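This report introduces a single protein chain to a reader who has not met it before. It proceeds from the chain as a whole to its interior, its helices and a few selected residues.

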Amino acid sequence: HPEYCDYIFDQFYELLESDLKEYKLGCFLAMNKILSVGRETRIVHYVNKFIPTMLKQLTINNPELVEKAAECLSNLAKAGGSVTAENVEKALDEAIRWLSKEKKASKVGSDIKRYSGVLLLREFCKKLPIITFNKLFDNESYKCIFLAFRDPRVAVRDTAAECINICLNLISERESKSKDNL
């Protein structure tokens with residue numbers, strides 16, 4: 001029933017707009033469950049509305065929130081399929097931009113943005129590997145991931161390593177397939 005979906009997603013939107021961490025975490029968990037259950041067209045209708053809102057959540061200076069937000073954002077992007085292509089492109093551009101910026105001690109939000117950027121790339125590599133790989137390697141944007149290896153925080157470096165690992169596995173798979181086709 002469309003009215004139930006409207007109500008549910010309106011509630012999700014209110015939870016995301018809240019200042020309370022618990023509300024946001026509850027929303028991320030619930031959305032991940034709904035998105036894993038079904039990819040109905042009615043749910044896809046809401047995906048483009050939520051991707052920009054979810055991207056804003058990645059600038060909140062709370063590692064737990066940005067970890068869950070990155071996971072939820074990648075699930076939204078995957079659920080939306082081709083419908084979300086433009087918003088996925090914008091999210092990838094934002095993640096690359098956050099990672100590419102030189103770290104400045106005076107920038108209060110730059111630390112969480114760097115972590116958010118590498119988290120988002122990792123999650124998109126897992127859920128949308130071909131799109132993310134093409135975005136990173138077609139214009140040498142992959143170099144931004146290596147800036148994360150210089151970050152003083154272990155979580156940022158570990159996440160960057162996971163991201164590179166996924167990319168290298170994709171390269172390996174592509175090479176194996178091309179050798180098999182010879």
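## Surface and overall make-up

The chain exposes about 10000 Å², and carbon and sulfur atoms supply 54% of that area. The model described here is predicted. Of the 182 residues of the chain, 43% count as buried.

The chain has nine helices and zero strands. Read from the N terminus on, its elements run α-α-α-α-α-α-α-α-α. Among contacts between residues at least 6 apart in sequence, 71% join residues at least 24 apart.

## The nonpolar core

The largest nonpolar core of the chain has 51 residues. Within this core, the residues with the most contacts are M31, M54, L58, L121 and F124. Two or more residues are given to the core by each of α1 (2-17), α2, α3 (41-57), α4 (63-80), α5 (85-100), α6, α8 and α9. Of these contributions, that of α4 is the most, at nine residues.

F124 illustrates how such a residue is surrounded. Leaving aside neighbours within four places in sequence, F124 is in contact with L73, S74, A77, V88, A91, L92, P129 and T132.

## Helices α6 and α9

Helix α6 has 18 residues and reaches 25 Å from its first C-alpha to its last, close to the 26 Å expected at 1.5 Å a residue. This helix is mostly covered, since 13 of its 18 residues are buried.

Helix α9 occupies residues 154-180. With 27 residues, α9 reaches 39 Å between its first and last C-alpha, close to the 39 Å expected at 1.5 Å a residue. The buried residues of α9 are V156, T159, A160, C163, I164, I166, C167 and L170. An α-helix has 3.6 residues a turn, so residues three or four places apart point the same way. The cover over the buried residues of α9 includes α6 (110-127), α7 (129-138) and α8 (143-148).

## Two buried residues: N32 and Q57

N32 is placed in helix α2, which spans residues 21-37. The relative accessible area of N32 is 11%, which is under the 20% limit, and therefore N32 counts as buried. Apart from neighbours within four places in sequence, N32 is in contact with E71, C72 and N75. The C-alpha atoms of N32 and L73 are separated by 9.0 Å, although the two residues are 41 residues apart along the chain.

Q57 is found in helix α3. The relative accessibility of Q57 is 5%, so this residue also counts as buried. Leaving aside neighbours within four places in sequence, the contacts of Q57 are L16, K24, F28, V66 and A69.

## An exposed nonpolar patch

On the surface, Y4, Y7 and I8 make a nonpolar patch of about 350 Å². One of these residues, Y4, lies in helix α1. Is Y4 buried or exposed? The relative accessible area of Y4 is 53%, which is over the 50% limit, so Y4 is exposed.

## Summary

The predicted model shows a chain of nine helices and zero strands, with a largest nonpolar core of 51 residues. N32 and Q57 are buried, whereas Y4 is exposed and belongs to a nonpolar surface patch with Y7 and I8.

Terms used: Residues numbered from 1 in each chain as written. Predicted model: local features only at pLDDT ≥ 70, side-chain atom pairs only at ≥ 80, totals over all residues. Heavy atoms only, no water. Helix = DSSP H or I, 4+ residues; strand = E, 2+ residues; numbered from the N terminus. Expected span 1.5 Å × (residues − 1). Buried < 20%, exposed > 50% of the residue type's maximum accessible area, 1.4 Å probe, protein only. Contact = heavy atoms within 4.5 Å. Areas by Shrake-Rupley, 256 points an atom, 1.4 Å probe, with all protein chains shown as cover. Core = buried A, V, L, I, M, F, W, Y, C linked by side-chain atoms within 4.5 Å. Patch = residues over 30% accessible without salt bridge, like charges linked within 9 Å, V, L, I, M, F, W, Y side chains within 5 Å. Salt bridge = Lys/Arg side-chain N within 4 Å of Asp/Glu carboxyl O.
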